[in-house]
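Here are my notes for someone meeting this structure for the first time. Have a look at it before reading on.

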Amino acid sequence: MFQKFLSKYGLSTHLALLAAIPLALSPFLAAATLASVVFWLTALAAVWLFVEPSVRVGEHLSLARARVRRAIFLDPFFWVLLFLVVFSAIRWLNSGIGLFYDVEQAAWLVKDAVWPVLPGAAGDAGLLPFAISLVSLVLLCGIRHAIGLMARAEFGVAGAFFAGLGGGAAAICAGLGLKGYSELMATGFAESPFWASCFGVWLVIGVASGAQAEARRWVGARLPFALGVAGNAAALIFFAPPLVAAAWLVLAAGVLLFCSFYLGRAGSTGAIARYLALALFGFALPVFLLMMAMPEPVRAFKLDGLSPAVAFNEGYKETAEALSRLARAMWVRHPWTGAGLGAFGLHAQFLAEKSDWAVIPMQPQFSTNGYWMFLAERGIVGCVVLAVVLGMLLVFWGLRLARAFVFLRTQDDADIFPFAVAPVAWTAPFCLLLLAAEAFAAPLFVTPFALLALVIPPALSAAAFPKPKKAAERKTSGSST
């Protein structure tokens, strides 16, 4: 019994920990320390993925291992993400970008990377992105091939819980006035910590996965579900720009309403009541902390920031325009591979004109437009790599959607198709749309956690659509009954 549970949900829990722990620990650990933690977790998850994958009905563990190895090797996502890992490794190893004093010119200049023609990084700025690219490779292979449908629901609940622990802990630290956390509460788009939006992704995934767990009457998932909602909502309310937090909370509320109808068709009135009670408790807890723990000036800032006129005032517009102009100029100088990770602040001070210093920070580290920032530091090649990964994920999501509709039409479920699949299947386009919209006003893509926030929703959503079993699978399933 225990081995069956471990085989079915142990891997999904470890994958959820791997997916959430970089974000959960980001407010507390330095980038190099966090990268080392991520490397160890990735290695353990990769070993577990090949040694103990989920076993199908009537399937021996050795056959499951062979199936997973074959499926991963034949999966185009594996090779594309392997290229992303190699690309990120080159950026990490090709460091050396920094300031140096040129004696002949008697001026400070920016030193190129070791191999100027290849993508580079300033200092150790490429280490954590390289670690996150490894996480993405292991996660997508695990979600697509090594865990089953219900294990993916457990992945969603557990991932939201782990991320919520980190977000909730950071919110409590901010509420207690601890240095380094309380300052992050009063941040708008121009000073956004830009990791808070990733908690919004886990909030939406957690709300959708919690409904599927309640439909199965998983008693053990109820407390992690409520705490995950509370922690992720707290991180949004405390650290995200007010308009961003409001957008994610509205999306989560919409998913919550949809999931209530889903439970109404798949469960009972009691399941709806329990689900809503747990979710509302999770949403109410950070609001209570907001009213009780936040200083009055910060609370007023949060409420005033809900107005677009205040959030995008003239000061922000002038700063954003100047920083975007610097990012464009940087990209023109380094069009293909970009200036290098972490190099924006080094080049900006040489590109800024006298009039720019009246509106930009003394030491600008990023452009408020995430797209120009991405182009400036990663260039066309980096943009193409990310676009290929996201494009393949969206195409795969669309194909699975079409196949699921055709399949369920033969099962007489096409008339209630939106409610005939797991709610998490519908979260991907909304999550990606919100992230894409925010990137116009905040440097979202600067953080390496944005890669996980971009790839996990479409991969998890596509895998949630049902698909017809192959003839061999039906025969094996029938012979085991």
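1. A word on surface area before anything else: accessible areas here come from the Shrake-Rupley method with a 1.4 Å probe. On that basis the protein exposes about 21,200 Å², and carbon and sulfur atoms supply 70% of this area. Keep in mind that you are looking at a predicted model.

2. Now the overall build. You'll find 19 helices and two strands in the protein. With a radius of gyration of 23 Å, close to the 23 Å that the globule rule gives for 481 residues, the protein is as compact as a globular protein of that length. If you want a feel for the dimensions, its C-alpha atoms fill a box of roughly 80 × 50 × 40 Å along the principal axes.

3. How much of the chain is tucked away? Of the 481 residues, 52% are buried. As for contacts with a separation of 6 or more, 79% are between residues 24 or more positions apart.

4. Take a look at helix α6, which covers residues 149-175. This helix has 27 residues and reaches 39 Å from its first C-alpha to its last, close to the 39 Å expected at 1.5 Å a residue. Is α6 enclosed or open? Since 21 of its 27 residues are buried, α6 is largely enclosed by the rest of the structure. After the helix comes Gly-177, with a positive phi near 80 degrees.

5. On to the charged pairs. The count of salt bridges comes to four. One of them joins the side chains of Asp-75 and Arg-144, at 2.7 Å from N to O. Asp-75 sits in the loop between α3 (61-74) and α4 (76-93), while Arg-144 belongs to helix α5, so this pair ties together parts that are 69 residues apart in sequence. Are the two partners buried or exposed? Asp-75 is buried, at 3% relative accessible area, and Arg-144 also counts as buried, at 17%.

6. The side chains of Arg-325 and Asp-356 form another salt bridge, 2.4 Å from N to O. Because Arg-325 lies in helix α13 and Asp-356 in the loop between α14 (344-351) and α15 (370-409), the pair ties together parts that are 31 residues apart in sequence. Arg-325 is partly exposed, with 34% relative accessibility, whereas Asp-356 is buried, at 2%. There's also a network to look for: salt bridges that share partners join Glu-214, Arg-222 and Arg-274.

7. Within that network, the closest N and O atoms of Glu-214 and Arg-222 are 3.1 Å apart. Glu-214 is buried, at 3% relative accessibility. What about Arg-222? The cut-off for buried is under 20%, and Arg-222 counts as buried because its relative accessibility is 19%.

8. A backbone detail worth a glance is Arg-217, in the loop between α7 (196-215) and α8 (222-239). Its phi is near 60 degrees, a positive value in a residue other than glycine. Arg-217 is exposed, with 61% relative accessibility.

9. Back to helix α13 (residues 314-333), which also holds Ser-324. Ser-324 is buried, with a relative accessible area of 8%. Which residues does Ser-324 touch, leaving aside its neighbours within four places in sequence? It is in contact with Ser-367, Asn-369 and Trp-372.

10. Turn the model to find a nonpolar surface patch of about 660 Å². Val-86, Ile-90, Leu-93, Val-114, Trp-115, Val-117 and Leu-118 make up this patch. One of these residues, Val-114, lies in the loop between β2 (107-111) and α5 (127-146). Val-114 counts as exposed, as its relative accessibility is 53%.

11. Last stop: Leu-44, in helix α2 (residues 31-51). Leu-44 is partly exposed, at 49% relative accessible area. How far apart are Leu-44 and Phe-239? In space they are 32 Å apart, C-alpha to C-alpha, and in sequence they are 195 residues apart.

Key. Residues numbered from 1 in each chain as written. Heavy atoms only, no water. Patch = residues over 30% accessible without salt bridge, like charges linked within 9 Å, V, L, I, M, F, W, Y side chains within 5 Å. Helix = DSSP H or I, 4+ residues; strand = E, 2+ residues; numbered from the N terminus. Buried < 20%, exposed > 50% of the residue type's maximum accessible area, 1.4 Å probe, protein only. Expected span 1.5 Å × (residues − 1). Contact = heavy atoms within 4.5 Å. Rg over C-alpha atoms; globule rule 2.2 N^0.38 Å.
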